[in-house]
Amino acid sequence: KKDLNAAEQQDALGWQVDGKFTRLDGERVMLVVTAHTRDGGVIPGCTAKARLAHPADARLDHTVELMRAGNDRANGEVIASAGQWDLILEISQDNGPVFRSRSRIVLR
């Protein structure tokens with residue numbers, strides 16, 4: 001029930017959150033996270049966290065250290081091999097986490 005309430009509250013926000021990876025070289029990849037309100041505005045006072053979770057082996061998981069790169073975006077580099085991963089994004093404001101997503105991605 002708690003998870004359902006959190007999902008409904010998150011849905012009501014209408015935020016548009018996206019994470020895109022670019023291979024830099026070798027195993028280094030750059031993650032760019034963007035976040036906007038329903039009408040395209042900046043989300044005030046938020047911080048973002050990201051984690052790459054390996055779907056078969058949690059020992060391979062990586063935390064992506066994100067640095068603010070503008071009002072609506074944060075960037076971070078991580079070493080990650082090609083293959084399937086789960087990208088877990090969490091956005092927090094003063095009162096704690098308010099947005100969380102988990103997406104299956106393929107790094108090339």
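Buried means under 20% relative accessible area, exposed means over 50%, and partly exposed lies in between. These legends use those words for a predicted model.

**Figure 1. The whole chain holds 1 helix and 8 strands.**
From the N terminus on, the elements run α-β-β-β-β-β-β-β-β. The radius of gyration is 14 Å, close to the 13 Å that the globule rule gives for 108 residues, so the chain is as compact as a globular protein of that length. Along its principal axes, the C-alpha trace spans about 40 × 35 × 20 Å. Of the 108 residues, 32% count as buried. The accessible surface comes to about 7000 Å². Carbon and sulfur atoms account for 49% of that surface. Now look at contacts between residues at least 6 apart in sequence: 53% of them join residues at least 24 apart.

**Figure 2. Helix H1 covers residues 2-13.**
How far apart should the ends of helix H1 be? At 1.5 Å a residue, its 12 residues should span 16 Å. The end C-alpha atoms of H1 are 17 Å apart, which agrees. Helix H1 is hardly covered. Among its 12 residues, the count of buried residues is 1. Gly14 follows H1, and its phi is positive, near 70 degrees.

**Figure 3. An open sheet is built from 4 strands.**
The strand order is E1-E2-E6-E5, and the pairing is antiparallel. Which strands sit at the edges? They are strand E1 (16-25) and strand E5 (67-68), each of which pairs on one side only. Strands of a sheet pair through backbone hydrogen bonds, either parallel or antiparallel. Strand E2 (residues 28-36) and strand E6 (residues 73-79) share 7 bridges in the antiparallel sense. At one of these bridges, Leu31 has Gly76 in E6 as its partner.

**Figure 4. A hairpin links E1 and E2.**
The two strands pair in the antiparallel sense over 9 bridges. Asp25 has Arg28 in E2 as its bridge partner. The hairpin has 2 residues between the strands. In this hairpin, Gly26 takes a positive phi near 50 degrees.

**Figure 5. Strands E7 and E8 form another hairpin.**
Strand E7 covers residues 83-93, and strand E8 covers residues 96-107. They run antiparallel and are joined by 11 bridges. How many residues does the hairpin use to join E7 to E8? The link has 2 residues. Ile88 stands opposite Arg102 in E8.

**Figure 6. Glu90 lies in strand E7.**
Is Glu90 buried or exposed? Its relative accessible area is 17%, so Glu90 is buried. Set aside its neighbours within four places in sequence. Glu90 is then in contact with Thr47, Ala48 and Lys49, as well as Pro97, Phe99 and Arg100. Ser103 lies 13 residues from Glu90 along the chain, and their C-alpha atoms are separated by 12 Å.

**Figure 7. The largest nonpolar core has 15 residues.**
Which members touch the most other members? They are Leu31, Ala50, Leu52, Leu66 and Leu107. At least two residues of this core come from each of E2, strand E3 (47-53), E6, E7 and E8. A second, separate core has 6 residues, including Trp15, Ile43, Cys46 and Phe99. Phe99 also appears among the contacts of Glu90.

**Figure 8. Ala50 has contacts from several stretches of the chain.**
Again, leave aside neighbours within four places in sequence. Ala50 is in contact with Leu31 and also with His62, Thr63, Val64 and Leu66. Further contacts of Ala50 are Leu87, Ile88 and Leu89. Two of these partners, Leu31 and Leu66, are named with Ala50 among the core members that touch the most others.

**Figure 9. His62 is found in strand E4 (residues 62-64).**
Why does His62 count as partly exposed? Its relative accessibility is 24%. That value falls between the 20% and 50% cut-offs, so the label fits. Beyond its neighbours within four places in sequence, His62 is in contact with Ala50, Arg51 and Leu52. It also contacts Val78, Ile79, Ala80 and Trp85. His62 and Val78 are 16 residues apart in sequence. In space, their C-alpha atoms are 7.4 Å apart.

Note on methods
Residues numbered from 1 in each chain as written. Predicted model: local features only at pLDDT ≥ 70, side-chain atom pairs only at ≥ 80, totals over all residues. Heavy atoms only, no water. Pairing = 2+ DSSP bridges. Expected span 1.5 Å × (residues − 1). Buried < 20%, exposed > 50% of the residue type's maximum accessible area, 1.4 Å probe, protein only. Rg over C-alpha atoms; globule rule 2.2 N^0.38 Å. Contact = heavy atoms within 4.5 Å. Areas by Shrake-Rupley, 256 points an atom, 1.4 Å probe, with all protein chains shown as cover. Core = buried A, V, L, I, M, F, W, Y, C linked by side-chain atoms within 4.5 Å.
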